[in-house]
Amino acid sequence: MRRFPEGFLWGCATASYQIEGSPLADGASPSIWHRFSHTPGNVQGGDTGDVACDHYRRWRDDVALMRELGLKAYRFSIAWPRVLPDGTGRVNEAGVAFYDRLVDALLEAGIVPFATLYHWDLPGALQDRGGWANRDVVGWFTEYAGLMFERLGDRVQHWITLNEPWCVAHLGHVAGVHAPGMRDLWAGLRVAHHLLLAHGEAVAAFRASRAGRGRIGITLNLAPQHAATSSQTDRAATDRADAYHNRLFLDPLFKGRYPAVLVQHFGEAWPEVTDEDLAIIRRPIDFLGINYYSRSVVADAPGEGLLGIRHVDTAGARTAMGWEIYPQGLYELLVRLHREYGPLPLYITENGAAFDDRLDASGQVDDAERVDYLHRHFLAARRAIDDGVRLEGYFVWSMLDNFEWALGYSKRFGIVYVDYPSQRRIVKRSGRWYRQVIEANGVPE
Ligand SMILES: N#[N+]C[C@@H]1[C@@H](O)[C@H](O)[C@@H](O)[C@@H]2O[C@H]12
């Protein structure tokens with residue numbers, strides 16, 4: 001048995017738009033994802049988050065389910081449009097009350113709440129004013145963050161400013177496959193910078209708030225980039241991929257500068273950055289959240305795509321997302337972060353897998369693949385702790401099957417199956433196994 005440190009926080013993660021449903025209930029306003037999913041052609045099957053897992057109404061039963069699973073912590077996100085329907089100014093008390101009740105129920109169940117301020121559902125009203133591409137968003141986000149610190153900061157001790165800013169900037173503003181569906185490199189790079197500025201100003205607001213006794217961090221989606229061959233061109237291509245996918249956020253946050261290779265590569269599209277900006281961005285944080293799913297293998301491909309690279313297929317098992325199952329990449333990433341950007345506390349704020357889950361004749365889900373996936377990744381994390389990494393918690397993505405963005409409900413990541421027509425929750429084999437892991441605080445070798 002490989003035991004984890006005493007007090008290790010085993011949890012699950014979710015996000016507001018992916019599970020809550022009722023996006024316009026009780027005074028809430030449309031988010032950019034409500035608009036994006038209601039725009040035909042954007043989401044597979046025409047799916048929307050109108051119902052999702054109906055968590056907005058079933059939250060009490062879901063907290064009871066978390067308790068049944070033995071979770072030590074639960075990472076959720078706050079829907080900005082519920083609490084500030086116009087994005088700024090007028091507070092929607094009914095929206096704040098939802099998160100008030102949720103936090104109280106979690107604490108009553110002995111579950112530590114981790115609150116993510118932004119998991120992609122920007123108020124549509126702010127998109128109408130330019131959204132993340134407008135530098136005024138820094139003030140808008142800081143006002144929203146300050147409100148939540150004030151209202152929940154007496155009970156929530158762990159705060160994550162942004163979830164996966166890379167996806168917000170690239171998928172939402174360069175590739176256009178996520179909300180708000182823009183395809184503009186100049187805007188996308190500006191968005192990345194504004195996200196980091198907003199993060200830095202929220203950190204300052206946190207330190208000044210009554211929540212300030214807690215911890216604040218950011219969650220980045222990071223993936224090791226491996227060169228397909230040892231050729232100089234493939235190694236240079238891999239450096240560009242690592243800079244864009246990983247260092248674009250890591251370097252300004254922890255080193256106070258953007259990767260020079262990106263500034264050079266993007267030339268005139270690169271936004272104006274001042275030393276004052278960089279000082280705001282690199283304000284010290286208390287932990288780094290890591291979302292890990294897989295790695296990439298990279299080859300030089302002159303003139304192809306944004307970076308002149310292509311991703312090379314590898315042999316080996318894959319998840320239903322087509323992602324290589326590569327647990328050693330988690331170990332490699334954790335050790336790199338500790339050595340190059342640390343040694344601050346780390347949390348794995350998301351790790352999990354989609355598989356083709358089906359109910360069997362007995363109405364259960366025997367997701368042995370997900371048990372194996374998680375087991376191998378837990379062991380990789382434990383190995384990193386042996387090497388000195390200050391890993392303090394692990395949040396499985398996700399507690400519930402949920403709305404998988406542009407893929408709608410076609411992908412199931414949950415350790416609990418959601419039968420959407422009936423909204424029944426059915427704990428999968430992986431959920432029962434995870435409960436044993438938490439109870440033992442460890443996994444068999
Ligand atoms: N895809 N995928 C699953 C999962 C997504 O559902 C989360 O919302 C994101 O934070 C992150 O991309 C990971």
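Over the face of which residue does R412 lie, and at what distance from the ring centre? In this predicted model, R412 lies over the face of Y417, and the distance from the ring centre is 3.9 Å. The points below begin with the barrel and the helices that pack on it, then turn to a hairpin, to the aromatic rings and finally to one buried arginine.

**The barrel and its helices**

- Eight strands form a closed barrel in the order β2-β3-β4-β5-β6-β8-β11-β12, and their pairing is parallel. Neighbouring strands of this sheet are turned against each other by 25° on average, when direction is ignored.
- As background, the strands of a sheet pair through backbone hydrogen bonds, and they may do so in either a parallel or an antiparallel way.
- One pairing within the barrel can be followed in detail: strand β4, residues 112-118, and strand β5, residues 158-163, pair in the parallel sense over four bridges. Here T116 stands opposite I160 in β5.
- Helix α7, which covers residues 137-152, packs on the sheet and touches β4, β5 and β6 (215-221), while its direction makes about 160° with that of β4.
- Helix α8, which covers residues 165-173, also packs on the sheet and touches β4, β5 and β6, and its direction makes about 40° with that of β6.

**A hairpin of two strands**

- Strand β13 (residues 416-419) and strand β14 (residues 424-427) run antiparallel and are joined by four bridges. Looking at a single position, V418 has R425 as its bridge partner in β14.
- Four residues lie between the strands of this hairpin of β13 and β14, and Q423 takes a positive phi near 65°.

**Aromatic rings and the charges over them**

- The count of aromatic pairs in the model comes to 43. In one of them, the rings of Y56 and F98 have centres 4.7 Å apart and planes at 35°, so this pair is classed as tilted.
- Because Y56 lies in helix α3 (residues 55-69) and F98 lies in helix α5 (residues 93-108), the pair ties together parts that are 42 residues apart in sequence.
- Both partners are buried, Y56 with a relative accessible area of 8% and F98 with one of 0%.
- The rings of F149 and W159 have centres 5.0 Å apart and planes at 90°, so that pair counts as edge-to-face. It links distant parts of the chain, since F149 is in helix α7 and W159 is in strand β5, 10 residues apart.
- F149 is buried, with a relative accessible area of 0%, and W159 is likewise buried, with a relative accessible area of 0%.
- A cluster linked by ring pairs brings together Y17, W33, F36, W120, F403, W405, Y409 and Y420.
- The ring of F98 also has a charged residue over its face, namely R82, at 6.0 Å from the ring centre.

**A buried arginine in a loop**

- Is R295, which lies in the loop between β8 (287-291) and β9 (296-300), buried or exposed? R295 counts as buried because its relative accessibility is 18%, and the cut-off for buried is under 20%.
- The side chain of R295 is joined to the side chain of H226 by a polar contact of 3.0 Å, and it makes another polar contact, of 2.8 Å, with the side chain of E324.
- When neighbours within four places in sequence are left aside, R295 is in contact with A223, P224, H226, T314, E324 and Y326.

Definitions and conventions: Residues numbered from 1 in each chain as written. Predicted model: local features only at pLDDT ≥ 70, side-chain atom pairs only at ≥ 80, totals over all residues. Heavy atoms only, no water. Pairing = 2+ DSSP bridges. Axes fitted to C-alpha atoms, helices over the stretch in contact; angles between N-to-C directions. Contact = heavy atoms within 4.5 Å. Phe/Tyr/Trp six-rings, centres within 6.5 Å; stacked < 30°, edge-to-face > 60°. Buried < 20%, exposed > 50% of the residue type's maximum accessible area, 1.4 Å probe, protein only. Lys NZ or Arg CZ within 6 Å of the ring centre and 35° of its normal. Polar contact = N/O pair within 3.5 Å; in protein donor to acceptor, adjacent residues only side chain to side chain.
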